[in-house]
Amino acid sequence: MNEPLISVIIPVYGVEQYLDHCVESVTAQTYRNLEIILVDDGSKDHCPVMCDAWAGKDPRIHVVHKANGGLSSARNAGLDVATGEYIAFVDGDDWIEPTMLETMLGWMRKHTTADVVMCGTEKDYEDGRKEHIDGHLPEREFSSDEALHDFLHHRNRMASAVWNKLFKADFFTGTSHIRFPERLNNEDYYVLAQVYRTMRGILFNPKALYHYRIRPDSITTAGLNVHSFDRAKIADKCREYLLESGYRDQASLDYFVMQGRYDIVYDLARMNAGSEALRTWRKELAAKAKPVCRDASVGFAEKTKIRMLSHMPKLYVRMTQR
């Protein structure tokens, strides 16, 4: 118990089929000094009872019951009560390898200028398929500027999620007091923009210690809905924050804002969404793509893809899905 305390925050909503597997993977960690915070976000299934049952079995587990407010609200509620020296996030339908937290804390201790460490991710599909999505990348330590640049350009997995990382708690409990933006999807990007801007460095190791479950009814696989356009809102929030913080790489900011629209148009075309929505966002993409297409550092092939998607989105999607 002389080892530092790690707070593991698990938002819980509508995942009764997967919750036991998730919590079991955390309680079974080889690193034992854990504070496991289950945040019941007003779940209407058996999750609230299951959370309380887990708290009765393991004294390291604390349960927060709250009205439904969404993923960001649940994570923020967990951060509000976390007392650990380090923070980790695990989604309630995912699971982690038994050595994940011990291994990542070891990386943190070895790389003394890293305030964040990041492991590889395995996607696990309902039909049994598995995909190690970043196994081809080498282990590497990024400075703050390097990570932020790659985040804005969606390179080297810097534009990923919070759940495959171990953070020093100071980002959330110190003067920065970083919190997730509520009522918006793609919320991780806004947190990562702030973390990358203020950290000293991040270590990435491709070892797949986090299992990301792909299920048909998850947030990321949902069809067109009220949150389908949040990527643009989050991109704009990140840009606003970074400009206010003094960040001056305008070309990278332009690229990130464009990418938010690019992702929306691609998904709208892939889902055969109505022509009005597609037309609106295609025009948005074309407008935000102008400075990117003038940027000499962006390659010809990439510019061609952006132009094709902004002018012939359905054709482009059919070509990429062949």
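By class, how many nonpolar, polar and charged residues does the lining of the largest cavity have? It has three nonpolar, three polar and two charged residues. Here Ala, Val, Leu, Ile, Met, Phe, Trp, Tyr, Cys and Pro count as nonpolar, Asp, Glu, Lys and Arg as charged, and the others, Gly among them, as polar.

A word on the model before we look around. This is a predicted model, in which local features need pLDDT of at least 70 and side-chain atom pairs count only at pLDDT 80 or more, while totals for chains, interfaces and linings use all residues. Residues are numbered from 1 along each chain as its sequence is written, and side-chain values use heavy atoms, with hydrogens and water left out.

**The cavity**

The structure holds one cavity of 30 Å³ or more, and about 50 Å³ of space lies in the largest cavity. A cavity is a set of points, on a 1 Å grid over the protein atoms alone, where a 1.4 Å probe fits but cannot get out; lining residues have an atom within 4 Å of a point. Grid points are joined across faces, edges and corners, and the volume is the space filled by probe spheres set on the points. His 154, Tyr 189, Arg 231, Ala 235, Phe 256, Gln 259, Gly 260 and Asp 263 form the lining. Helix H9 (250-270) and H8 each supply at least two of these residues, with H9 giving the largest share, four. Helices (H or I, at least four residues) and strands (E, at least two) are DSSP runs, numbered from the N terminus.

**Two loop residues**

Buried means under 20% relative accessible area, exposed over 50%, and partly exposed in between (1.4 Å probe, protein chains only).

| Residue | Loop between | Relative accessible area |
|---|---|---|
| Arg 215 | strand S10 (201-214) and helix H8 (230-244) | 8%, buried |
| Gly 42 | strand S2 (34-41) and helix H2 (47-57) | 22%, partly exposed |

The side chain of Arg 215 makes a polar contact with that of Asp 93 at 2.6 Å. Such a contact is a pair of N or O atoms within 3.5 Å; within protein, one must be able to donate a hydrogen and the other to accept it, and residues adjacent in sequence count only if both atoms are side-chain atoms.

Leaving aside residues up to four places away in sequence, Gly 42 touches Tyr 13, Lys 66, Ala 67 and Asn 68, where contact means heavy atoms within 4.5 Å.

Notes: 1 Å grid on protein atoms, 1.4 Å probe; cavity = no way out; pocket = protein on both sides within 12 Å on 5 of 7 lines; lining within 4 Å.
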